[in-house]
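Here are some notes for a colleague who is opening this structure without having seen it before. They are set out as numbered points, to be read beside the sequence and the model.

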Amino acid sequence: MRIRIVATTAVAAGTLAALSAVPAQATEYSSALKIRGIQYDAPGRDSNSCSTGNTDEEYLTIKNYSSGTTVNLKGYVVKDKAGNRFAFTANHYLQPGDYVKLRGGNGSDSDSGNVVYRDNCNFMWNNDKDSIYLYKPSGAGADSHSYTQSGSDPDRNGYISYHG
């Protein structure tokens, strides 16, 4: 658990109040869907060519962490820090404990194969640092993470795991 030191300065009769330690409050969204991990740097040399590129090797894994609720991805939105976005426009049902990989490039979406393609051959995630935002159909936040290659990916394999 992180501890945040909060300095409270009170001027009363020329004295300062003491410093006090207070636990940090992490923002935790109320959502069954969470970002499980991200392959932010596709293996090999980046190429966004639709026919020979490797944007399909860049993916975001979204998991249903609910113990009993099936979630439809239709209406959920994924964004990066620059505002690039992908909206799930079709029905994709995630059973409890199930996941989907949102891949770049073009391909056939498959519930049984746990994959949805962005149908866009441009890379979405920066290789050095970025932020990931997952929004519910209502527009409320479902999950978010920021990463840096040096701070979040010590083995530099291009993959970062969240929420296990």
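**Notes on the strands and their partners**

1. A convenient place to begin is Val 77, whose bridge partner in E11 is Tyr 135. Please keep in mind throughout that this is a predicted model. The pairing to which these two residues belong joins E6 and strand E11, residues 129–135, in the antiparallel sense over four bridges.

2. E6 also has a partner in strand E7: residues 77–80 of E6 and residues 85–87 of E7 pair in the antiparallel sense over three bridges. Within this pairing, Val 78 has Phe 86 of E7 as its bridge partner. The two strands form a hairpin with four residues between them, and in the turn Gly 83 has a positive phi of about 95°.

3. These pairings belong to an open sheet of four strands, which has the order E7-E6-E11-E12 and antiparallel pairing. E7 and E12 stand at the edges with a single partner strand each, so that one side of each is left without a neighbour in the sheet. On average, and with direction ignored, neighbouring strands of this sheet are turned by 10° against each other.

4. It may help to step back to the chain as a whole, whose secondary structure comes to one helix and 13 strands. Along the sequence the pattern reads β-β-β-β-β-β-β-β-β-β-β-β-α-β, with the helix placed just ahead of the final strand. Of the 164 residues in the chain, 35% are buried, and the accessible surface comes to about 9400 Å², of which 47% belongs to carbon and sulfur atoms. Among the contacts with a separation of 6 or more, 54% are between residues 24 or more positions apart.

5. The chain also has an open sheet of five strands, in the order E10-E9-E4-E3-E13 and with mixed pairing. Its edges are held by strand E10, residues 115–117, and strand E13, residues 159–161; each has a single partner strand, so one side of each is left without a neighbour in the sheet. Here the neighbouring strands are turned by 25° against each other on average, direction ignored.

6. Which strand does E13 pair with? Three bridges join E13 to strand E3, residues 33–39, and the two run antiparallel. Gly 37 stands opposite Ser 161 of E13. E3 pairs with E4 as well, in the antiparallel sense and over six bridges, and in that pairing Lys 34 has Lys 63 of E4 as its bridge partner.

7. Strand E4, residues 59–64, deserves a careful look, since a reader may wish to know how many of its residues are buried. The count is six of its six residues, and the strand is described as mostly covered. Both faces are covered, with Tyr 59, Thr 61 and Lys 63 buried on one side and Leu 60, Ile 62 and Asn 64 buried on the other. E4 is also joined by five bridges to strand E9, residues 99–103, which runs antiparallel to it, and there Lys 63 stands opposite Tyr 99.

8. Two placements of a charged side chain over a ring involve residues of these strands. Arg 36 lies over the face of Tyr 99, at 5.3 Å from the ring centre, while Lys 101 lies over the face of Tyr 59, at 4.4 Å from the ring centre.

9. The structure holds four aromatic pairs. One of them is formed by Tyr 40 and Tyr 147, which are tilted, with 4.8 Å centre to centre and 35° between the planes. This pair links distant parts of the chain, as Tyr 40 is in the loop between E3 and E4 and Tyr 147 is in strand E12, residues 141–148, with their positions 107 residues apart in the numbering. Both Tyr 40 and Tyr 147 are buried.

10. Another aromatic pair is formed by Tyr 133 and Tyr 135, which are stacked, with 6.4 Å centre to centre and 25° between the planes. Are these two rings' residues buried or partly exposed? Tyr 133 has 27% relative accessibility and therefore counts as partly exposed, and Tyr 135 is likewise partly exposed, with a relative accessible area of 26%. Tyr 135 is also the residue met at the start of these notes, as the bridge partner of Val 77.

Key
Residues numbered from 1 in each chain as written. Predicted model: local features only at pLDDT ≥ 70, side-chain atom pairs only at ≥ 80, totals over all residues. Heavy atoms only, no water. Pairing = 2+ DSSP bridges. Buried < 20%, exposed > 50% of the residue type's maximum accessible area, 1.4 Å probe, protein only. Contact = heavy atoms within 4.5 Å. Areas by Shrake-Rupley, 256 points an atom, 1.4 Å probe, with all protein chains shown as cover. Axes fitted to C-alpha atoms, helices over the stretch in contact; angles between N-to-C directions. Phe/Tyr/Trp six-rings, centres within 6.5 Å; stacked < 30°, edge-to-face > 60°. Lys NZ or Arg CZ within 6 Å of the ring centre and 35° of its normal.
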